Structure formats: structure tokens, C-alpha cells
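Hi,

Here is the structure I promised to pass on. My notes on its internal cavities follow below.

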Amino acid sequence: MQIKNSAVSMIIDAQDQKELEEIKLQFLGKSGKLTLTLKEIVRVPSEKRAIVGQLANEVKKIIEETLDEKISALTSQASSQKKQSIDITNPGIPPSIGHLHPMTQVLYEVVDIFKQIGFQAADGPELETDYYNFTALNMPPGAPSRDTQATLYLDTQNSKAEPGQILLRTQTSNMQVKIMEKIKPPIRVIAPGKVYRVDDVDASHSFEFWQLEGFMVDQNVKMTDLLGTIDYVLKKLMGEKTKIKFATTNFSFVEPGIDTYMECTICKSNGCSFCKFIGWSEIMPAGMIHPNVLKAAGYDSQKVSGFAFAIGLSRLATLRYGMDDLRLLTNPDLRILEQF
Ligand SMILES: [Zn+2]
């Protein structure tokens with residue numbers, strides 16, 4: 001009984017596994033107190049031997065059980081201590097933070113540049129009527145100039161609209177007459193957005209791309225105002241050393257019309273598949289607004305004049321970042337997007 005009491009109290013007081021091993025050895029080992037007691041049992045008179053043997057076995061059982069309980073108590077204590085041991089001075093895991101898409105970055109920058117020189121930004125619909133997309137812009141039904149903008153028409157079978165009257169806008173110029181009908185000159189507006197055309201997808205073409213329409217109408221607006229504005233905005237966005245050239249051309253909605261080319265940043269004007277090996281990239285049709293367009297807006301073309309342009313914003317973004325393929329702008333792969 002004495003052995004049992006001292007063993008149990010020692011086990012309860014034990015601080016770690018090692019101490020328990022020693023206690024076990026001290027009582028249950030080969031030369032342990034209880035083991036020796038059991039060996040001594042032969043000296044006990046035979047009539048009491050059974051009782052003493054039974055008692056000694058019970059003591060052994062109690063010591064073993066108490067040891068097991070203490071071991072499991074120590075183990076769970078150790079694991080809970082481990083859980084609590086958080087070093088609060090460790091630096092945290094930084095959350096991954098996204099950034100603006102390269103297309104959006106260019107869009108925001110261009111809009112800011114135009115705002116600084118007095119242009120207001122407007123938003124417009126991607127679904128448009130034939131009138132605002134073509135007819136009002138001096139491209140009446142049957143005009144050959146419509147063919148240059150292969151158009152995606154909506155199925156109007158179950159609607160009140162006539163067939164061929166609703167389309168996905170082919171140009172942000174759909175905003176010109178729409179806005180001019182509501183606001184009298186002087187007026188300076190930009191309208192960025194997506195446009196759609198039937199086109200084969202390649203490095204520099206897509207069926208869906210971003211444009212930025214801009215126009216200004218006032219008394220005495222001249223071609224030099226247009227050239228100066230384009231030159232200022234492009235150099236502000238792409239850098240002062242950017243090479244730009246203009247060529248006269250014919251667009252129905254302007255008279256005279258010009259096309260704007262920018263030095264190809266992919267090949268540094270040496271020629272590549274992006275610029276069709278001419279070293280220059282066409283980025284913006286522009287010109288003086290055709291009197292018929294001013295008339296459609298309700299303006300007096302004898303009193304006011306204006307210019308208009310439509311920047312190929314997607315192409316400008318690829319040139320800005322030296323991407324040799326327009327399709328990279330719509331690729332969701334983060335390994336690409338994280339580079340910009
Ligand atoms: Zn090139």
C-alpha cells in the first residue's frame with residue numbers, strides 16, 4: 001500500500017516523459033520496488049500468499065494505469081502549447097493585390113490627357129441603330145463606304161425594328177450626331193468604348209476592339225487644330241520622341257480626311273508582321289467633320305466647323321507596351337497580365 005501511494009503521488013507530480021520513465025523503472029523495472037516485493041512473496045506464509053499476491057497485482061495495475069493517464073495528459077498538454085506558440089512579431093503573409101488591366105490603364109490615361117485640354121468624356125451604347133452608326137455620318141443605305149466596316153446585325157425577327165436596323169456599333173462615331181443633337185457648339189467631347197466588326201482575328205485585327213471617338217465643333221476650327229491635338233495627345237501618351245505621320249485619305253464622314261500613322265514600336269520601324277512590314281501602324285482615321293454630318297446634327301455648317309477622329313485604342317495599347325499581338329489584350333493568363 002505504501003508502494004502504491006508513493007508511486008501514484010510521484011507519477012502525478014512528474015513534469016515530463018523522462019521523469020515518468022524513471023518512475024516506471026523505479027517501481028516496475030527488473031529491480032523495481034514492486035518487482036522485488038513480488039519476488040519476496042515466496043517468503044510469505046502459504047495461507048496468506050494468495051491475498052498478498054492479489055494485492056501486489058492490483059497495485060501493479062493501478063501504477064500502470066496512472067502512468068498511462070499521465071502520459072496521455074502530458075502529450076495533449078504539449079500539443080496545445082504548440083498550437084498557442086504563435087510568434088506575433090513574424091511578418092504576415094501579404095495578400096495578393098491586383099492592378100488595372102493594361103487596356104484600362106491606357107484608356108484612363110488618354111481620357112485624362114483629353115480632359116486636361118478641355119474635352120468632356122461621354123459613354124454610349126454598343127447596340128446602335130443603323131441611322132446613328134451610318135446614315136447620320138454621311139453613309140446612307142447603299143453607300144460603298146459601308147463595305148469597309150463589315151457589320152454584325154441583330155436578328156430583329158421578333159421585334160418592332162425593321163430588319164438590318166439594329167447593329168453592334170462598328171465605330172464609336174455613333175456618338176457624334178447623338179451628342180451634337182443635344183448640345184450646341186462650342187463642344188469638345190471624347191467617347192471611348194468597344195466596337196465590333198466581322199473580321200478575321202490576327203496579330204493586329206479582331207472582331208471586337210476599343211476605340212476612342214473625339215470631336216470638336218466651334219467657330220473657325222481648322223485642320224491645324226486637329227493635327228495639333230493628335231500630335232499633343234499621342235506624344236503625351238507615348239513619349240515626346242514618338243514619330244507620327246499623316247496621310248490624306250477619303251472617309252465619308254470627314255472632308256478632307258486624314259489617316260494617322262505611328263511608328264511601329266514592336267520593330268522600331270524595321271518592319272514586322274504587326275505593322276505588315278511597313279514600319280508604321282495605322283491608328284486613327286480623322287478629318288474635318290463633313291457638312292452633311294453637321295447638318296444631320298442640326299448645326300449650321302456655314303457658321304461652325306469641326307474635326308473628328310477615332311483612335312484605335314486597342315492597337316495603341318499594344319504599341320504602348322510593345323505587345324506584338326492584339327490577342328494578348330484579351331488573354332486572361334496572369335503570367336502575361338502581371339507584366340504590365
Ligand atoms: Zn512593326
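A term before the results: a cavity here is a set of grid points where a 1.4 Å probe fits but cannot get out, and its lining residues have an atom within 4 Å of a point. Keep in mind that this is a predicted model.

The count comes to 2 cavities of 30 Å³ or more.

Largest cavity
- The space inside is about 40 Å³.
- Its lining is made up of Ser173, Gln176, Glu213, Phe253, Val254, Pro285, Ala286, Ala308, Phe309 and Ala310.
- Two elements give two or more residues each to this lining: strand 8 (280-289) and strand 9 (305-312).
- Strand 9 gives the most, with 3 residues.
- By class, the lining splits into 7 nonpolar, 2 polar and 1 charged residues.

Second largest cavity
- This one holds about 30 Å³ of space.
- Phe114, Ile230, Val233, Leu234, Met284, Phe309 and Ile311 form the lining.
- Helix 8 (223-238) and strand 9 each supply at least two of these residues.
- Helix 8 has the largest share, 3 residues.
- The class split is 7 nonpolar, no polar and no charged.

Which residue should you look at for both sites? Phe309 lines the largest cavity, and Phe309 also lines the second largest cavity. Strand 9 likewise serves both: it gives 3 residues to the largest cavity and at least two to the second largest.

On chemistry, the linings part ways. The largest cavity has 2 polar and 1 charged residues in its lining. The second largest has no polar and no charged residues there.

Best regards

How values were computed
Residues are numbered from 1 along each chain as its sequence is written. This is a predicted model: local features need pLDDT of at least 70, side-chain atom pairs count only at pLDDT 80 or more; totals for chains, interfaces and linings use all residues. Side-chain values use heavy atoms; hydrogens and water are left out. On a 1 Å grid over the protein atoms alone, a cavity is a set of points where a 1.4 Å probe fits but cannot get out, and a pocket is an open set with protein on both sides within 12 Å along at least five of seven lines; lining residues have an atom within 4 Å of a point. Grid points are joined across faces, edges and corners, and a volume is the space filled by probe spheres set on the points. Helices (H or I, at least four residues) and strands (E, at least two) are DSSP runs, numbered from the N terminus. Ala, Val, Leu, Ile, Met, Phe, Trp, Tyr, Cys and Pro count as nonpolar, Asp, Glu, Lys and Arg as charged, and the others, Gly among them, as polar.
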